[in-house]
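This report describes the architecture of a two-chain model, moving from a single residue outward to the sheets, the helices and the interface. The sequence and the structure are shown below.

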Amino acid sequence: MRANRFNGFSDFGIGIGLRVPHYQHILSEKPVVDWFEIISENYMVDGGRPLHVLDQILEQYRVVQHGVSMYFGSPEAPDWEHLKRLKALVKRTKTPWLTDHLCWGSVDGRYTHDLLPMPYTLEAARVTAQKIREVRDFLEVPIAVENVSSYAEFHFSEMSEWEFLTEVVESADCGILLDVNNIYVSSRNHNFNPHDYVAGIPAERVAQIHIAGHSKFEKYILDTHDHPVIDPVWKLYAHALELAGPTATLLEWDDNIPSFEEVHNEALKANRFIAEMKVAS
Amino acid sequence: MNLAEIQRRMYVAVVQPLTPGEHMQPRTRDGKSMHDAAAEFIKPNDRLSSFERLEIYNRQYWFRVLGALAEDFSGLRAILGVRKFEVLCKAYLVDCPSESFTLRNLGARLESWLLDHPQWIRPRAGLALDMVRLEWAEIEAFDAAAEPAWAPRDALGTDPDPQFRLQPYVQLLKLRYPVDDLLLAVRQEHSDGAMASNAISARKRARVRKAARQKPQSVFLAVHRMDYSVYFKRLDAEAFAFLNSLRDGNSLSAAVITAFAGRDVPESKILGTVQSWFESWSTLGWFCRPQSVDAKSISS
């Protein structure tokens, strides 16, 4: 897989998210999985079962940390307690890179626990890039930011989402966690061509790719991570591989979680696209 | 509108409680039309108005935080009933929105908020408060730190009156109602609910209702952890006082004096009792290894 400075020059292949319903299967059956992605916040605790399980996983598997509450796009300074706990976890997991979302979610220290969309302005890009740099300097690990699914746009946006993402990652000199399902969801909600998005970002900065399923409603699509990946998302994935090369890829499945085998097999479908890309190139 | 202002406006709209039909309120808190307020910063598209787009986030917020509290406080929910519990949670979250990066801490201020707002848990305020304290203690016991455990073979150094520290995950509760029994009954009902026949389900619900009507009864409880699972252990009043005294940093002799103060118990019996407590609690790993012992291990 493509190693670059944004993923710690690592060679990770196809991984899946580590989820509680699969703990027992993984620990007892020890299935062959290239790597697991963990939600950092679930393990930023002082002790107990979460850390016990994580330590057992770390003995046998490679792990990458994925956060959901750093809120790079919130202008307030990072929460010190959050950063300290996150750094302790980084030392524990030795994650080669760390990801969180290009979004906001807190105001004046009050949290929504949601991934809220950014207004695509130069001011927002500057504020966000500055915060990414501060967090990276403290954590001392490469950071890649993930594009989120969104259901609203702001009047004040001055550029497209992919232009905003480019502006942020180039200003912060960080990587991209390219979520092709999120691109698809947002493209349907905001009427743009998702392939323009994939073609419009600096492919050399892609550290990792996310794939997932979603739910369709009458007037919009919700990013629910509770279904298999649909064909148009696989096509976007193939397009991203063409531009970025074979990249560490992770399937997210967070609700109505099926058996470990079903989730892993869904993730491994990505291998076909990687093989086709290698043949084509 | 700058970034901070956009985010503040959206935050205020997102955390405003939903209507009883689970839609966004038609008015902002200061009485403006929510349609107009949303249109000032959210773009409509060909399928959804600004209001409808903002409403998606408003609904997601409330479904997420109410779901988290329902999961963490299933005992309180069983006492109050689903509707009353949800109304209480909404009022709590309006007064005490999350100030932590993790949803784990969402209920951290619930007990103190209820002490100031008992109207939400009347007429069973005592029972409900005890349940909240138990459920929060369970959250703390689940993932609090564990230090190396003291064992009888560990040397105690030369101190004739040593201090014993309790593991951070051991939570001590003095309750006025046997809510530990009630919570276990609630859990049992939930775990059986999916598979049970209607008749069995009805019996289980009756058991929960019966448990919820229990009369006051002093319960001294340790909420602790063993093999990474949380357990409840009832204590007698002396044992509870003894452990609390140790937790407060008192020496062994001071804890013994506190535990048996005002009780006419022969010294020989006290010695035997304390010895049996230590055997039981050290087996459970409740005591931390003294730091001096750790230092010796490191240096050797």
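In which strand of chain A is the place of A:Ile143? The residue belongs to strand β7 of chain A. The model discussed here is a predicted one.

**A:Ile143 and its strand**

A:Ile143 has 25 C-beta neighbours inside 10 Å and therefore counts as buried, the threshold being 20 or more. Leaving aside residues up to four places away in sequence, A:Ile143 touches A:Leu98, A:Ile132, A:Val135, A:Arg136, A:Cys174 and A:Gly175. A:Arg133 lies 10 residues from A:Ile143 in sequence, and the C-alpha atoms of the two are 8.8 Å apart.

Strand β7(A), residues 143-146, is covered on both faces. A:Ile143 and A:Val145 are buried on one side, and A:Ala144 and A:Glu146 are buried on the other.

**The barrel of chain A**

Eight strands of chain A close into a barrel, in the order β1-β2-β3-β4-β7-β9-β10-β13, and the pairing is parallel. From one strand to the next, the twist averages 30°. Strands of a sheet pair through backbone hydrogen bonds, either parallel or antiparallel.

The table sets out selected strand pairs of both chains.

| Strand pair | Sense | Bridges | Partner residues |
|---|---|---|---|
| β4(A) and β7(A) | parallel | 4 bridges | A:Thr99 and A:Ala144 |
| β7(A) and β9(A) | parallel | 3 bridges | A:Glu146 and A:Leu177 |
| β9(A) and β10(A) | parallel | 4 bridges | A:Asp179 and A:His210 |
| β4(B) and β5(B) | antiparallel | 7 bridges | B:Leu221 and B:Arg234 |
| β8(A) and β1(B) | antiparallel | 2 bridges | A:Glu153 and B:Lys43 |

Within the barrel, β4(A) covers residues 98-101, β9(A) residues 175-179 and β10(A) residues 206-212. Helix α9(A), residues 260-268, lies across β1(A) (14-17) and β13(A) (249-252). The direction of α9(A) is at about 140° to that of β1(A).

**A helix pair in chain A**

Two packed helices are described by the angle between their axes and the distance between the axes. Helix α6(A) spans residues 180-190 and helix α8(A) spans residues 231-244; their axes come within 9 Å and cross at roughly 120°. The two helices are therefore oblique to each other. The crossing of α6(A) past α8(A) is right-handed.

On the α6(A) side, the contact is made by A:Val180, A:Asn181, A:Ile183 and A:Tyr184, which meet A:Pro232, A:Val233, A:Leu236, A:Tyr237 and A:Ala240 of α8(A). By class, this contact has 8 nonpolar residues, 1 polar residue and no charged residues.

**Chain B and its open sheet**

Chain B has 13 helices and 6 strands. Of its 300 residues, 34% count as buried. Among contacts in chain B between residues at least 6 apart in sequence, 66% join residues at least 24 apart.

An open sheet of 3 strands in chain B follows the order β3-β4-β5, with antiparallel pairing. β3(B) (171-175) and β5(B) (229-235) stand at the edges with a single partner strand each, so one side of each is left without a neighbour in the sheet. Neighbouring strands of this sheet are turned by 25° against each other on average, direction ignored.

Two helices of chain B are described against this sheet. Helix α7(B), residues 125-143, lies across β3, β4 and β5 of chain B and runs at about 170° to β3(B). Helix α10(B), residues 237-247, packs on the sheet and touches β3, β4 and β5 of chain B, its direction making about 135° with that of β3(B).

**The contact between the chains**

How many residues does the contact take from chain A and from chain B? Chain A contributes 38 residues and chain B contributes 40 residues. On the side of chain A that touches chain B, the elements giving two or more residues are α2 (49-60), β5 (104-107), β6 (110-116), α4 (122-139) and β8 (153-154) of chain A. The largest share of that side, 6 residues, comes from β6(A). By class, the side of chain A that touches chain B has 16 nonpolar, 13 polar and 9 charged residues.

Strand pairing also joins the two chains: β8(A) and β1(B), residues 42-43, pair in the antiparallel sense over 2 bridges. In this pair, A:Glu153 stands opposite B:Lys43.

Notes. Residues numbered from 1 in each chain as written. Chains lettered and ligands numbered in written order. Predicted model: local features only at pLDDT ≥ 70, side-chain atom pairs only at ≥ 80, totals over all residues. Axes fitted to C-alpha atoms, helices over the stretch in contact; angles between N-to-C directions. Parallel < 35°, antiparallel > 145°, perpendicular 65-115°, else oblique. Left-handed = near helix turned anticlockwise from the far one by under 90°. Contact = placed C-beta atoms within 7 Å. Nonpolar A, V, L, I, M, F, W, Y, C, P; charged D, E, K, R; others polar. Pairing = 2+ DSSP bridges. Buried ≥ 20, exposed ≤ 12 C-beta atoms within 10 Å, placed from the backbone.
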